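Reader: Hello! I would enjoy a close look at a single part of this model.

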Amino acid sequence: MSAASVTVRVPAKVNVQLGVGAARPDGFHDLANVFLAVGLYDEVTVAPADELRVTCSGPDAAQVPLDATNLAARAALALAERYGRDPAVHLHIAKDIPVAGGMAGGSADGAAALVACDALWGTHASREELLEICAELGSDVPFSLVGGAALGVGRGERLTVLETGGTFHWVFAMAERGLSTPAVFREFDRLAAGRDIPEPVASADLLEALAKGDPQALAAAVSNDLQPAALSLFPELADTLEAGRGAGALAALVSGSGPTTAFLTRDAETAEKVAATLRTSGTCRVVRRAAGPVAGATVV
Ligand code: C5P
């Protein structure tokens, strides 16, 4: 791209806790969502163009919608509208975060495009304004901007930054097909029908484990209330979870709404062993290692 372009690098996330409440009147669910940003990245490059267009490269590029539903395009339009700019830009997404994987890949591209357009146009939006636009784009988008570790409440968009006392080593197994987030929440509602769903709250043990940087304690505290719904729609994920546990992971869970599965390990060496076992297990498509926390959307 020309010199007049801006590139932003943005990480994936894993939910170390995903506490889900009952469906609200607006269809969304109140969450206690503890996010950790991990070192798998998309890069979004923005440059002036004749009209707004989106392109995408990377192994899963064919699955990424390039129309106005793409969160990167929506982010550019939202910022342009707020600041009276011409949204005629070319957004290129170099995609490494799994698509429809429960790792906030689409949300990451939205946050990255927002930061990139802000820099390209010199709009100098405040952090608060950017976070406001992020929240309008989607529940996970504000966290992609902020990165690190954070507790998200409400739809998951109201963030409190969390302290972390060390680096956590993860292995991620990408599944053969994707899962739609709304479908997983609908399955959650179906499975919850007739039951009393308590208000979700962040686990004190989990927050302490994060603050201490203690993987063993974090492994004992991780939870995902969407996991039964994801397993109900995609039962084979149980085999992947079992394979990772058997290989020595401290904890195995579905990442967000899935179907990516996440394995917390003691250290980088164990992560490599767990990754090697998963690669030959025949229970997943691709296996990646990544550590976190890492920074949110950053101009490179
Ligand atoms: O906010 P976002 O567009 O990422 O949400 C995608 C879908 O996930 C929503 O349409 C809704 O079905 C579900 N969702 C939910 N409660 C939340 C966040 C998302 O039900 N707090």
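Where is Ala100 found, and what surrounds that part?

Author: Happy to help. This is a predicted model, in which local features need pLDDT of at least 70, side-chain atom pairs count only at pLDDT 80 or more, and totals for chains, interfaces and linings use all residues. Residues are numbered from 1 along each chain as its sequence is written, and side-chain values use heavy atoms, with hydrogens and water left out.

Ala100 sits in the loop between strand S4 (89-94) and helix H2 (105-121); helices (H or I, at least four residues) and strands (E, at least two) are DSSP runs, numbered from the N terminus. Met103 lies in that loop between S4 and H2 too.

The UniProt record (unreviewed entry) places a "binding site" at residues including Ala100, Met103 and Ala108; its positions are in the numbering used here, feature names are shortened, and annotations may be inferred rather than shown by experiment.

Now compare the two loop residues. Ala100 counts as partly exposed because its relative accessibility is 43%, whereas Met103 is buried, at 0%. Here buried means under 20% relative accessible area, exposed over 50%, and partly exposed in between (1.4 Å probe, protein chains only).

Their contacts (heavy atoms within 4.5 Å) leave out residues up to four places away in sequence. Ala100 touches Gly178, Leu179, Gly258 and Pro259. For Met103, the partners are Ala12, Lys13, Val38, Leu40, Ile97, Pro98, Phe172, Ser255 and Thr260.
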